[in-house]
Amino acid sequence: MAIEWREKWAFGDDRVDAEHIEILLVVNQVLIAFEERASRPAVSALIQALIKRAEDHFSYEEHLMSDAEYEDREAHHNEHQRLIPALYIMVSDLLISAISDDNSAIGRYIERWFIYHLEKDDAELSAFLLSR
Ligand SMILES: [Fe+2]
Ligand SMILES: [Fe+2]
């Protein structure tokens, strides 16, 4: 089931907001592909598109954090570092067929992958930037 954008996720920086929405679009494409039981290579290609967008986005956020001398930037950076390999592992598991056909668990994982970081690390960064 596709995730709808929630107003509470607004970050307050136009580029970050636009990138979050783009990432959500790709997350939703992945979720739909799983639901429709698309071929493994097709799903892998979508996840690789997600990795690309996430990498670009994370590097922009890291830029914002260092410019602002954000005190929690190391923890936030570490989270970004953790999120990318999680997707690579998913791609390789898919390609070697280590992921079962019960895709609901993957859907939930990828939903959490997106929402948790947005509601925790990104929300904290947004509050810091807006409080300055
Ligand atoms: Fe973000
Ligand atoms: Fe982030």
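How many residues does α1 have, and what distance does the helix reach from its first C-alpha to its last? In this predicted model, α1 has 22 residues and reaches 31 Å between those two atoms, close to the 32 Å expected at 1.5 Å a residue. Let's start with this helix and then work outwards to the rest of the chain.

**A helix with two sides**

The buried residues of α1 are His20, Val27, Val30, Leu31 and Ala33. Looking down the axis of α1, these buried residues fall within an arc of 160°, so they line one face of the helix. Turn to the other side of α1 and you will find Asp14, Arg15, Ala18 and Ile21, which are exposed. What do the buried residues of α1 pack against? Their partners are α2 and α4.

Ala33 gives a close-up of the packing. Setting aside residues up to four places away in sequence, Ala33 touches Ala38, Ala42, Val43 and Leu46.

**The nonpolar core**

Several of these residues turn up again in the core. The largest nonpolar core has twelve residues, namely Val27, Val30, Leu31, Ala33, Val43, Leu46, Ile47, Leu50, Ala54, Met90, Ile110 and Phe114. At least two residues of this core come from each of α1, α2 and α4 (104-131). Which helix supplies the largest share of this core? That is α2, with five residues. As a general point, nonpolar side chains in soluble globular proteins tend to be buried together.

**The whole chain**

Stepping back, the chain contains four helices and zero strands, and along the sequence its pattern reads α-α-α-α. Its radius of gyration is 15 Å, close to the 14 Å that the globule rule gives for 132 residues, so the chain is as compact as a globular protein of that length. Taken along the principal axes, the C-alpha atoms fill a box of roughly 50 × 25 × 20 Å.

Buried residues account for 15% of the 132 residues in the chain. Among contacts with a separation of 6 or more, 71% are between residues 24 or more positions apart.

As for the third helix, α3 (73-95) has 23 residues and reaches 34 Å from its first C-alpha to its last, close to the 33 Å expected at 1.5 Å a residue.

**Positive phi between and after helices**

Which backbone positions deserve a look for their phi angles? Three are gathered here, each with a positive value.

| Residue | Phi | Place |
|---|---|---|
| Arg37 | about 50° | loop between α1 (14-35) and α2 (40-67) |
| Glu69 | near 50° | loop between α2 and α3 (73-95) |
| Ser97 | about 65° | just after α3 |

Arg37 has its positive phi although it is not a glycine, and Glu69 likewise is a residue other than glycine. Are these two loop residues buried or exposed? Arg37 is exposed, with 10 other C-beta atoms within 10 Å. Glu69 counts as exposed too, with 7 C-beta neighbours inside 10 Å. The cut-off for an exposed residue is 12 or fewer such atoms, so both counts fall in that class.

To return to the opening helix, α1 is followed by Arg37 with its positive phi, while the buried residues of α1 pack against α2 and α4.

Technical notes. Residues are numbered from 1 along each chain as its sequence is written. Chains are lettered from A and ligands numbered from 1 in the order in which they are written. This is a predicted model: local features need pLDDT of at least 70, side-chain atom pairs count only at pLDDT 80 or more; totals for chains, interfaces and linings use all residues. A residue is buried if 20 or more other C-beta atoms lie within 10 Å of its own, exposed if 12 or fewer, and partly exposed in between; C-beta atoms are placed from the backbone. The expected span of a helix is 1.5 Å times one less than its number of residues. The radius of gyration is taken over C-alpha atoms; the globule rule is 2.2 Å times the number of residues to the power 0.38. Two residues are in contact if their C-beta atoms, placed from the backbone, lie within 7 Å. A nonpolar core is a set of buried Ala, Val, Leu, Ile, Met, Phe, Trp, Tyr and Cys residues joined through C-beta atoms within 7 Å. The arc is that of the directions from the helix axis to the C-beta atoms.
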